[in-house]
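Colleague: Could you walk me through this one and show me how each label is earned?
Modeller: Gladly, ask away.

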Amino acid sequence: MRDLVVATVRDILAAHEPFVLTRERPWDSGLWAELAEAGLTGVGIPEEAGGSGGELADAVAIVATLAAGAAAVPVAEQLLVAAPAVLAADLDLPAPDEPLSAAVDGAVTAEPRDDGDGPGSWTLIGTATDVAWAGVAQHLVVLAGSPVGPVLALVDVAGRETTHAANLAGEPRGSLVLQGVTAAGALLTERQADELRARYALARAVQLSAALEQVLAWTVQYAGERQQFGRPLGKFQAVQMQLAEMAGEVTAVAALVDSAVQAIERGDSPVLAAAAAKVRAGSAVEVVARLAHQVHGAIGFTQEHRLHHLTRRCWSWRDEAGTETAWARVLGAGLLADGPDALWPALTRVL
Amino acid sequence: MPSTLTLAPVVPSAAAEQVRAEVREFLAAELAAGTFTTHVDTWLSGVDPAFSRKLGERGWLGMTWPRRYGGHERTAMERYAVTEELLAAGAPVAAHWIADRQSGPNLLRYGTEAQRAEILPRIAAGECYFVIGMSEPDSGSDLASIRTRATRNGDGDWVVNGAKVWTSNAHTSHYAITLVRTSPADPAHRHAGLSQLLVDLSLPGITVNPIRILDGGHHFNEVVFDDVVVPGDMLLGEEGNGWHQVTAELAFERSGPERFLSTYPLIAEFARRVADSGDPAQLATLGRVSARLLALRQLSLRIAGALDRGELPDIPAALVKDVGTTFEADVIDEVRRAVDVPASLDSPDPLGRALAEAQLHAPGYTLRGGTNEILRGIVARGLGLR
Ligand SMILES: Cc1cc2nc3c(=O)[nH]c(=O)nc-3n(C[C@H](O)[C@H](O)[C@H](O)COP(=O)(O)OP(=O)(O)OC[C@H]3O[C@@H](n4cnc5c(N)ncnc54)[C@H](O)[C@@H]3O)c2cc1C
């Protein structure tokens, strides 16, 4: 199943030009339509809930393939973060062909409505900031604070006023004013809220890992093709050292992210594993993106060349869904939870 | 990712976690009894035969070897857990480290029955220690250029002449697996004509001269061979196959947790500081360092898994060593920038002492076992560039 899914995504991607995001064209709606048509925007979601079935690992494979292809669609948010959260909270999942995103930074508060709508109805107050695919997503999962604990609310945001902001790759990261909006929602425990944030971070780590691997592959390929001084760049030892350093980073990231995904599949608590994966993947960007551009020379600095589609995303993704520094603090604090003398046992328990 | 660099994931094994718990308990008791104190880089500098024998008694040396050679027929994953726990505690493991890690497996692979039966049980008991006799004054990275020679005499014994350098712990060990030239160098076939000899370091004609490292410590040596007569049956493996054997040995040498945990005791000491201060920037530093360590652990574990499957992952091993040793040195500056503690071996602050130990040993991390430049050349080969 997994190989087939990945092959299908690759085929669909191959038929699409690299998509240059602008304010007027904030996403690749054509690609999304094809993915939805093929059932790929519902993978990992049970058929009873309107999805296409499949496991988390299948959804991860789709997200990774699309990330490596610099696809401008909210698949990571939908498949790895928002849809699983909606299902876990027993809320009604919107149809998988309607893009769904998530806002988890907690800037919104929720008040239970006592007007007879029942305990599942909340009034949201505040502004959701740094929302991935704001203006594109039709529904938004909002992690809100409330007097009785964290609330997961599902908001229909189609047509709502959105401020335009973009990350370094031009992906929409705007704000949505949710003042007084009524939404279905469910109370979460603090732990569930932490785990939701962790899954979002892990989703970005999966994207980073795939993108970094692709950047390495492009760079190795380019070094084999581009000739200077009568031989391919890859024959120069200085260039080999750079590519090997990139490979070291990419391989380390891939191993950790992969193991973190597997740990979550086994049912382990995702928070520290996701934190580690996110921090490690993010820190590799510095080396991999820098050296990729160095090896590509000026051509890689142009808009025509494909390299920036991934390097710009990597520069942003490392600080999205929680900055690298914030997750590093979470990891550091989590590892010290049983006291500093238990650091080593804690490290061997994360994964 | 090119298949030469891809490693299959491993599932944590219950047996490994079991032995991990046993080692942890043992180490806590030893630390409490004061039989050792934690130091940085103890797999180079912590020579303690009594401690090595204790590990042997508990079955934690020669773990993966057949029982008939004193081994315990356990998995590489279990061995991994044991070595990792010992390193994390900064325990004195240098005496037996090379013998257990690479000389024993080398003997198992290439030794004669007599060599295995005679030596392996003593290694597993923590009583017999080995050194790596590869580098020479004029041959470092370019190992194939070695000049130490062995020629057969009329009795069929080997007569060895030459000198090895940087030979870690030759002054505390029993045998040197020595790479020698057994036929003259042939510029057209640089790797041909090399062989490995099992050399008893107490043989007449061998002189071990200390070479002090920059802090004055005596860990490595020059070993001079002056007409040393090595019995004919102490050839290891095949005559002329030395290059191939050395390469196989390096897969074991390069991939273990000692390639990223040499400075772990510094991280442990830093953690105590962070727990006291609760300082957010220090917490972030601890998190960043830990994330790097966790990734290296996954890589190294995967290599242990590959060894269990009988693979020889020499290219990933080179990659792990490059990334790992870079990390163990980087840790020093990560910690330095997060605290206001001057490094000194005489510091009243244990963090200052750990920083000093880690810094003074730092140049060695990215040199020993093949420099990072050489390792990156191997990784580049894995990428198809050469
Ligand atoms: C603590 C420690 C313990 C050691 N223990 C042992 C031991 O027990 N047994 C043993 O046999 N050896 C041992 N060594 C030696 C170690 O294997 C060598 O130091 C290492 O192989 C490098 O050789 P060299 O020091 O002669 O440096 P050189 O080979 O002279 O290299 C010097 C510099 O030039 C670079 N360089 C060399 N060739 C190239 C190239 N082709 N391309 C790019 N850069 C290049 C190197 O990377 C390095 O940076 C030990 C070393 C240390 C530091």
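**Salt bridges, burial and the interface**

Modeller: To start with a total, there are 39 salt bridges over all chains, in what is a predicted model.

Colleague: What makes B:Arg20 and B:Glu85 a salt bridge?

Modeller: Their closest N and O atoms are 2.7 Å apart; the cut-off is 4 Å, so the pair counts as a salt bridge. The two residues come from distant parts of the chain, with B:Arg20 in helix 1 (residues 14-33) and B:Glu85 in helix 4 (residues 76-88) of chain B, 65 residues apart.

Colleague: Why is B:Arg20 called buried?

Modeller: Because its relative accessible area is 3%, and buried means under 20%. B:Glu85 also has 3%, so the buried label applies to B:Glu85 by the cut-off of 20%.

Colleague: And B:Arg74 with B:Glu78, what are their labels?

Modeller: Those side chains meet in a salt bridge at 2.8 Å, N to O. B:Glu78 has 8% relative accessibility, which is under 20%, so B:Glu78 is buried. B:Arg74 has 25%, which lies between 20% and 50%, so B:Arg74 is partly exposed.

Colleague: How do you know that B:Glu118 and B:Arg122 are about one turn of the helix apart?

Modeller: Both lie in helix 6 (residues 113-124) of chain B, and they are four residues apart. Their closest N and O atoms are 3.4 Å apart, within 4 Å, so this pair is a salt bridge too. B:Glu118 has a relative accessible area of 45% and B:Arg122 has 29%; partly exposed is the range between 20% and 50%, so both get that label.

Colleague: What links chain A to chain B by charge, and how many salt bridges are there between them?

Modeller: The count is three. One pair joins B:Arg302 and A:Asp258, at 3.1 Å from N to O; that is within 4 Å, so the pair qualifies. Across the interface, 41 residues of chain A are in contact with 43 residues of chain B. In chain A, A:Met241, A:Thr251 and A:Trp344 lose the most area to chain B, together 17% of what that side buries.

Colleague: How many disulfides does the structure hold?

Modeller: Zero, over all chains. As for individual cysteines, A:Cys314 has a relative accessible area of 2%, under 20%, so A:Cys314 is buried. B:Cys128, at 0%, is buried by that cut-off as well.

Colleague: What confidence does the predictor give?

Modeller: Chain B averages a pLDDT of 96, with 100% of the residues scoring at least 70. The complex has an ipTM of 0.94 and a pTM of 0.96.

Technical notes. Residues are numbered from 1 along each chain as its sequence is written. Chains are lettered from A and ligands numbered from 1 in the order in which they are written. This is a predicted model: local features need pLDDT of at least 70, side-chain atom pairs count only at pLDDT 80 or more; totals for chains, interfaces and linings use all residues. Side-chain values use heavy atoms; hydrogens and water are left out. A disulfide is a pair of cysteine sulfur atoms within 2.5 Å. Buried means under 20% relative accessible area, exposed over 50%, partly exposed in between (1.4 Å probe, protein chains only). pLDDT is the predictor's confidence in each residue, from 0 to 100. Contact means heavy atoms within 4.5 Å. Buried area is the accessible area (1.4 Å probe) that two parts lose on being put together, summed over both.
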